[in-house]
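Let's take a walk through this one together, starting with the empty space and then turning to one of the helices. Have the structure open and ready to rotate.

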Amino acid sequence: HERQGRYADAEPFRRKALAAAERAFSGRVAGAGILVSPGRAYHFLEGKQRALARNLAQQGRLAEAELILRDVLQSQLQRVGRYAPQPAGTLGQLAGLLNEEGRHEDAEAIARAGIEIHKTLGSAAQASSYVGLRRALGASLVLRSRWQQGLDQYEALQADLQSGDGNSGARSRNPQVTYRAIALIKTGRAALALPILENSLQ
């Protein structure tokens, strides 16, 4: 359903999957093959929670999605501490959600916190969670008309992606491409924005 954009239709399935994960996590489902280790069990459960949050966000139910993500984040911080990949990933999803809610200052703070975790961990610049956080930071700046600062974030990310595997993601059809192009236009570099927008439509 979600691949077809039918997020409301998909929600009951997301909730059923989460309920099954919760039962397995609590040990009420025997032989499910999920509780191999506590770490895997938490990862499985939190994945279902974050998937439901994404579904709700796509329906425009941003406050509900935010509540789920904050609960996941609190659990992760209590379990593994601040400097671990798990909270960094949740912070990235939360930062993107806060941008959707129009709370761009909060999104910036959350994104910077997640980026700091990745820097401390020595994460690869191409790590998906790291990339998502940097994009959320760039968006939070551009959406508050901090054109040059936002552009600096996107250009640094672009350089890291190109140096890593040659795949910059420039053709990705997502708002981040538009934000980068807007920042280029607003800083007097419209000629550089045009090919970015053209590539995103191919």
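Start with the largest pocket, which holds about 800 Å³ of space. Keep in mind that you're looking at a predicted model. How do you find a hollow like this? Rolling a probe the size of a water molecule over the atoms shows where empty space is left.

Now look at the walls. The lining of the largest pocket is made up of 33 residues, and if you want to land nearest its centre, go to G92, Q93, G96, L97 and E100. Several helices supply two or more residues each to that lining: α1 (7-25), α2 (38-58), α3 (62-80), α4 (85-100), α6 (128-142) and α8 (175-186). Which of them gives the most? That's α6, with eight residues. As for chemistry, the lining is a mix: 14 nonpolar residues, 13 polar ones and six charged.

Next, pick out α1, one of the helices that help line the pocket. It has 19 residues, and going from its first C-alpha to its last takes you 26 Å, close to the 27 Å expected at 1.5 Å a residue. Follow its side chains and you'll come across A10, E11, L18, A21 and A24, which are buried. Why do they sit on the same side of α1? Because they cover an arc of only 150° around the axis. Spin the helix to its other side and you meet F13 and K16, both exposed.

So what lies over the buried residues of α1? Their cover includes α2, a helix that also gives two or more residues to the pocket lining.

Key: Residues are numbered from 1 along each chain as its sequence is written. This is a predicted model: local features need pLDDT of at least 70, side-chain atom pairs count only at pLDDT 80 or more; totals for chains, interfaces and linings use all residues. Side-chain values use heavy atoms; hydrogens and water are left out. On a 1 Å grid over the protein atoms alone, a cavity is a set of points where a 1.4 Å probe fits but cannot get out, and a pocket is an open set with protein on both sides within 12 Å along at least five of seven lines; lining residues have an atom within 4 Å of a point. Grid points are joined across faces, edges and corners, and a volume is the space filled by probe spheres set on the points. Helices (H or I, at least four residues) and strands (E, at least two) are DSSP runs, numbered from the N terminus. Ala, Val, Leu, Ile, Met, Phe, Trp, Tyr, Cys and Pro count as nonpolar, Asp, Glu, Lys and Arg as charged, and the others, Gly among them, as polar. The expected span of a helix is 1.5 Å times one less than its number of residues. Buried means under 20% relative accessible area, exposed over 50%, partly exposed in between (1.4 Å probe, protein chains only). The arc is that of the directions from the helix axis to the C-beta atoms. Contact means heavy atoms within 4.5 Å.
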